[in-house]
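Here is a short tour of one structure, with its pockets taken up before one of its sheets. Please keep the viewer open as you read.

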Amino acid sequence: MLQHGINTFKDDTGSVAVQVAACGIPFFIGAWPCHTGKGFAGKPQYCTSFDEAAELGGYSSEWRYENGSPKWNLCQAAYAHFKLAGMSPAIFYNIFDPKTHRRAVEAGNYPVEEHTVKLPLDALRNGNLVVKSADAEDALVENVDYEAYYNSENLCVELLEGSAAYNADSLTVAYDAADPSLITAEDVEMAVEAVEMCYSVIGIVPDLLCAPGWSANPTVAAVMAAKAPSINGLFRAKAVVDIDAAVVTEYGAVLQYKNDNGYTSEDMVVCWPMVKNGDYTFDLSVIACGLMAKVDSGNANCPYESPSNKGVPITGAVNARGEEITVSIAQADILTVTDGIVTVLNNGGWSLWGNYLGCYPKTSDVAKMFICTNRTQDWICNTFIKTYWQYLDKPLTPPLRDAIINSFNSWLNGLTAEGKLYGGELEYISELNPVTQLTNGMIRLDTLAASPIPAQRIDMHVAYSVDMLESAFSS
């Protein structure tokens, strides 16, 4: 380098581009028939389409058992998010393990049609699949006498030409069946912790936690809400949960059940009742996740706008038995404004209805009680972490401090100009940064930010004008 002259240098702490945190990405917890797909279990799966989810986890329309308990609930989530909401991406965590959650089915006779026996989709293609001719003791050999494969509805056992049983009218078959009923609430609670894996495995931290069917269990919902504000000890999310529509079948019982069972967290979006679309019944939580993702996406992935009063692709509200629940505007207002519940309303078309989180009405803190204001603060925090993590362990200097403040304030100003914030400012306050803290390599920065409050009530007063009457007749 020349010693005589003018040299220029670039300082990498002068400014940094803000890396906006992902928003409206759900983390769905439960079970899908992965024995019919690629068999993934115990690992977050990132999916961008319904076909991709079905390929990874398999698909079944049997989302619940006859008693209403969840069965293949991740299939419900995939259908709602990708097909009904038309949103992408989503992250799925499958608890079902074909090696563990199974039961033996005794040998029985099955008819052969077009050289094929059709077993239930729950039948497992494993070493316990034993196929015999009705009059033989020795088992047929797979890939010699028959081929086994899944279609959309069955495990098919197709006899191959050359097999002695090729023209058989029936076969004797014993097999193991998938049994997701062996999954317990405790398993789901443990699976909530798997959201910690998303950042390292996928590189994304979801901001919506949803366990359709399972979150109607108050203990599961509480675990989800406890995890939501501290993913990887850093990131913030919301638990989107359901009040049990099998227990609470009318709107007047919702508030008591909510309070008695702890659905009162500022990190909960509490939904009731269930909804339907044609012949399909959905937990409202999956519909709410899809709508929040849609609204966020329409706002450049900023959660400043409430999902309330936005259309949802449903045809009715129901209880867990599928019986219709009618909610009037007055009743919906009681559920939302009095109870802090997110519900649905048919007012010239079905829409989600409700602006509040579970902590309402016990708290009136504007930053905590509204879905949109609380999520926006989470989003601001997540964005700060994602952007400035690269500055950790660099020399703690005024230029580094100023670089953070200047770039973040530039981002906040941009949001303000777009109407997504009323205003926002990050600052360094000397009094809050004593020497004892600085000498330990710790710096505190404070942000003031205000995001829009939903316009929950618009009043218009009308009065009769006698002056207008007189004017009309005097002209």
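## The largest pocket

In this predicted model, 34 residues line the largest pocket, and those nearest its centre are F384, I385, Y388, I443 and L445. The space inside comes to about 760 Å³.

Where does the lining come from? At least two residues each are supplied by α9 (366–369), α10 (371–388), α11 (398–417) and β19 (446–450). Helix α10 gives the largest share, with eight residues. If you like to think in terms of chemistry, the lining divides into 21 nonpolar, nine charged and four polar residues.

## The second largest pocket

Next comes a pocket with about 350 Å³ of space. It has 18 lining residues, and S308, W353, N355, A455 and Q456 are the closest to its centre.

Helix α8 (residues 329–338) contributes the most here, with three residues. By class, this second lining holds eight nonpolar, seven polar and three charged residues.

## A three-stranded sheet

Now turn to an open sheet of three strands, which pair antiparallel in the order β4-β9-β6. Which strands stand at the edges? They are β4 (102–111) and β6 (130–133); each has a single partner strand, so one side of each is left without a neighbour in the sheet. From one strand to the next, the twist averages 15°.

For a look at one pairing, follow β4 alongside β9 (residues 170–178): the two run antiparallel and are joined by eight bridges. One place to zoom in is A104, whose bridge partner in β9 is D176.

Key
Residues numbered from 1 in each chain as written. Predicted model: local features only at pLDDT ≥ 70, side-chain atom pairs only at ≥ 80, totals over all residues. Heavy atoms only, no water. Pairing = 2+ DSSP bridges. Helix = DSSP H or I, 4+ residues; strand = E, 2+ residues; numbered from the N terminus. Axes fitted to C-alpha atoms, helices over the stretch in contact; angles between N-to-C directions. 1 Å grid on protein atoms, 1.4 Å probe; cavity = no way out; pocket = protein on both sides within 12 Å on 5 of 7 lines; lining within 4 Å. Points joined across faces, edges and corners; volume = space filled by probe spheres on them. Nonpolar A, V, L, I, M, F, W, Y, C, P; charged D, E, K, R; others polar.
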